[in-house]
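Me: I am new to this structure and would be grateful for a close look at a single part of it. Please describe how the paired strands are arranged, and then place that part within the chain as a whole.

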Amino acid sequence: MKRLPLNVLTVVSLMLCVAVVAQWVTTYRSPAYVEFGCRGVRWRAGSHGGRLLLDNRPQRKLEDARHRREQDLLLAEVNAELRRLMRSPPAEYGPPDPRPPDPRDTEEVKLMRRLQPAADESYARFGRLRQKQLAERSPTVRRSVPHAAIAAAAAFLPVARLFWWRLTTTRRRRLRRRGLCPICGYDLRASPGRCPECGTIPPDARVAA
Ligand SMILES: [Zn+2]
C-alpha cells in the first residue's frame with residue numbers, strides 16, 4: 001500500500017513535533033549543550049532561550065586560552081630581559097639617552113630612560129604577537145533556529161492529514177445519507193449491498209450482513 005510510508009512519516013513528524021516542543025519548554029529553564037569536534041574545529045550544539053543553536057564558541061575559547069599562554073610566555077621573557085638589564089652595568093642598557101640630563105631627574109627616572117629602548121622593543125614584540133593572534137583567530141560562527149519553526153514544520157503533515165481526514169469523512173457521510181456510494185458517489189439505491197461501480201461495500205450494508 002502507498003499509504004503505509006505516508007502514515008509512518010506522519011507519525012514520525014508528530015513525534016518530532018512533540019519532542020521539539022518538550023525540549024523548547026525545558027530549555028527555557030536549563031539550557032543544554034553538547035560539544036563535539038569536526039575536522040579539527042570544536043563546535044557546540046544545544047538549545048537555549050527557545051532556539052536550537054550551533055556555534056564555534058568552544059573553538060574560540062581554546063584559541064583564546066592558547067593566546068593567553070603565548071602572551072604570558074612573552075611577558076615572562078620580556079620581564080626577565082628587563083630585570084637582567086637592570087642588574088647589568090649601565091653600558092648594556094642600550095644607547096645613552098640623547099636628551100640633556102635634567103638636574104631634577106631622580107635615579108629611578110634616569111634608569112627608566114636608559115631602559116626605554118628595551119621597553120619599546122618589548123612593547124613592539126607584544127604588538128606583533130597580538131596582531132598575529134588576531135589574524136589567525138577563527139571568526140565567530142553562529143547559527144540558530146527557533147524551536148517554534150521546527151515544531152511548525154513538523155506539525156504541518158499531521159495537521160494537513162487531519163484536515164484531509166475530516167474532509168473525506170464528512171463527504172462520505174453526506175454521500176451515504178443520500179444513498180450514494182461513499183467512495184465514488186454512484187447511486188446505490190438499487191443495489192444497497194455493494195457498489196456496482198467500484199465494488200465498495202458500504203458500512204451500513206456490512207453491519208446488516
Ligand atoms: Zn462506488
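**The paired strands and their setting**

Reply: Strand S1, residues 32-38, and strand S2, residues 41-48, run antiparallel and are joined by seven bridges. The model in which this pairing appears is a predicted one. Within the pairing, Phe-36 has Trp-43 of S2 as its bridge partner. S1 and S2 form a hairpin with two residues between the strands, and in this hairpin Arg-39 takes a positive phi near 50°.

S2 also pairs on to a further strand. Five bridges link S2 with strand S3, residues 51-55, and these two strands again run antiparallel. Here His-48 is matched with Arg-51, its bridge partner in S3. The hairpin of S2 and S3 likewise has two residues between its strands, and Gly-49, in the turn, has a positive phi of about 60°. S2 therefore has bridges to S1 and to S3. As a general point, side chains in a regular strand alternate between the two faces of the sheet.

The order of elements shows where these strands belong. From the N terminus, the protein chain runs α-β-β-β-α-α-β-α-α, and its secondary structure amounts to five helices and four strands.

One of those helices, H4, offers a contrasting element to examine. H4 covers residues 147-177, and its 31 residues should span 45 Å at 1.5 Å a residue; the end C-alpha atoms are indeed 45 Å apart, so the expected and computed spans agree. H4 nevertheless bends by about 35° at Phe-156, with a proline, Pro-158, following within four residues. The helix is hardly covered, for two of its 31 residues count as buried. Just after H4 comes Gly-179, which takes a positive phi of about 75°.

The low burial of H4 may be set beside the figure for the protein chain, in which buried residues make up 5% of the 209 residues. The overall dimensions complete the picture. The radius of gyration of the protein chain is 39 Å, whereas a compact globule of 209 residues would have one near 17 Å. Along the principal axes, the C-alpha atoms fill a box of roughly 130 × 35 × 25 Å. As for contacts between residues at least 6 apart in sequence, 47% of them join residues at least 24 apart.

Definitions and conventions. Residues numbered from 1 in each chain as written. Predicted model: local features only at pLDDT ≥ 70, side-chain atom pairs only at ≥ 80, totals over all residues. Rg over C-alpha atoms; globule rule 2.2 N^0.38 Å. Buried ≥ 20, exposed ≤ 12 C-beta atoms within 10 Å, placed from the backbone. Contact = placed C-beta atoms within 7 Å. Expected span 1.5 Å × (residues − 1). Bend = angle between axes of the 7 residues up to and from the residue. Pairing = 2+ DSSP bridges.
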